[in-house]
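Please open the model in your viewer and set the side chains to be shown as sticks, so that each stop on this tour can be selected in turn.

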Amino acid sequence: MSEVRLRFAPSPTGYLHVGGARTALFNWLLAKKEQGKFILRIEDTDVARSTQESVDAILEGMRWLGLDWDEGPFFQSENFPLYKEFAAKLLAQGKAYKCYCTAEELEAKREKALASGSKPKYDGTCRSLNADIPGKPYVVRFKAPHEGVTAFDDLVKGPISFNNEELDDLIIQRSDGTPTYNFTVVVDDVSMAITTVIRGDDHVNNTPRQILLYEALGCPVPQFAHVPMILGADKSRLSKRHGATSVMAYRDMGFLPEAMVNYLVRLGWSYGDEEIFSLDELIDKFSIETVGRSAGVFNPDKLLWLNAHYIKTGDPQRLAELLAPFLAERGVNAGRGPNLVAVIRTLQERSRTMLEMADGAVFYYRDTFVYDPQAVDKFLKPDVVPLFEQVRDRLGKLDDFSHQGIETVIKGICDERGIKMGQLGPPIRVALCGGTTSPSIYEVIEVLGKDATLNRITRALEFVRSHV
RNA sequence: GUCCCCAUCGUCUAGCCCGGCCCAGGACACCGCCCUUUCACGGCGGCGACGCCGGUUCAAAUCCGGCUGGGGACGCCA
């Protein structure tokens, strides 16, 4: 049994979007699972719309997700001679012909057909022309059969068949000599010995044409797997108006790649009741046959939930690296101040994104933050002065500056004074953090350290005294 | 318009191939309670679906047909 060879073949006309990322992921997973090869091919035959920035963006997205490729990236723009050769071969064999109809003529016919309610397909004017008209521009058309049926067994959709009369003679080479999509895909999939084509649903209609091309070329037809599209909340094709569609935009919003991967794979695929999958687990459990047949709605809430899960269970050290750019954006220098890993530990279970975590971490690194006015009205009142003085005093004398030691001190003060934690905790929180929400104050005090804690208590004391 | 595909809670889905264990299970979201110094985490509970109509059968979410609805494709784009 020969090895399976799969490919992801994006066209570089934009960034890597979530739909593309998902088909890339499925290809990658199947290749890994079957211990085959995963090939990256850039479909840049449309020179006008392809850009280097898009190529870079796509590669960056793939790398971020952890989808490495075994071969490539190959560029179709470098294969033009090959396509020409194949086109010439079909021409020589009478399986293709030169068509001299102009784009304008074709456009007019198409509109007319559409208006009259029939299927807009090429009428075959030049099909039997059989003449060379020197000097006149022409395209090369594939001579498709007009009778019979072209069928294939889709790995996810099952049997699909088309009546050949629905097909027309597609252009395989433009008048400028460049090849078109349906032709380059076939030529490349043949020359790269692709065994399985996993691609978006929107390509099923191209499949019979391509199969006919494989047959005309005398090449084996690969297996096809058409994965359903991703829809927006209104069930229409996912687009920018539904929110971010760029994979990298999610990184910038503080999402972890493993959350993105996990979300994408579960959109249209499942493994019993399991929700959480690592890349390694997926390689073991994934199978293309169990991918669902219907389109799925992109649900940002679930992505968020998965992201929260991975942040919660993630390695703080790694999270620290991922958090760095977000902190930098906020002008925070984590090199000075509390230990970043310790800070992160206090934030992991209350952050759904790295962005939220960054926001939650800022106070640790700012000694002179502005107190939240509402919090001041509620908690920084004159009666906290003796409390704060005692806290400062006790904490100052504390040797065991651990969560446990700190908690004992704070609770001890509550007991001595006969007050509830609810009367002491919130004011301390405002003094230390500036607002009313933060991690446990024991953790905050511990992470802040004795000096910073005492300084902040003192500062709050001064604030209260001067505002009476 | 023509062709192709799809159809279980609001959303992602299990179950469907090999009818009965399903008055349909899980997850997200939402609501309530508990935990609690805040915000969260967590725990417990609740709300909530087999699109419709026929057929086959002792029995249908599961099989068949039609309808309706949704999506996609119809380019010298990919």
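Begin by selecting R41, which counts as buried because its relative accessibility is 0%, and keep in mind that the model in your window is a predicted one. Next add D189, which is likewise counted as buried, at 2% relative accessibility. The side chains of R41 and D189 meet in a salt bridge, with 2.8 Å from N to O. Since R41 belongs to strand 2 (residues 37–42) and D189 to helix 5 (residues 181–191), this pair ties together parts that lie 148 residues apart in sequence.

Now widen the selection to R7, E43 and D188, because these residues join R41 and D189 in a network of linked salt bridges.

For the second stop, select D132 and K98, whose closest N and O atoms are 2.9 Å apart in a salt bridge. D132 sits in the loop between helix 4 (103–115) and strand 5 (139–142), while K98 is in strand 4 (residues 96–99), so the pair connects parts 34 residues apart in sequence. Is each partner buried or exposed? D132 is exposed, at 55% relative accessible area, whereas K98 counts as partly exposed, at 23%.

For the third stop, select K109 and D123, which form a salt bridge whose closest N and O atoms are 2.9 Å apart. Here K109 lies in helix 4 and D123 in the loop between helix 4 and strand 5, so parts 14 residues apart in sequence are tied together. K109 is partly exposed, with 34% relative accessible area, and D123 is also partly exposed, at 47%.

Finally, show the whole model again: the count of salt bridges comes to 31.

Terms used:
Residues are numbered from 1 along each chain as its sequence is written. Chains are lettered from A and ligands numbered from 1 in the order in which they are written. This is a predicted model: local features need pLDDT of at least 70, side-chain atom pairs count only at pLDDT 80 or more; totals for chains, interfaces and linings use all residues. Side-chain values use heavy atoms; hydrogens and water are left out. A salt bridge is a side-chain nitrogen of Lys or Arg within 4 Å of a carboxyl oxygen of Asp or Glu. Helices (H or I, at least four residues) and strands (E, at least two) are DSSP runs, numbered from the N terminus. Buried means under 20% relative accessible area, exposed over 50%, partly exposed in between (1.4 Å probe, protein chains only).
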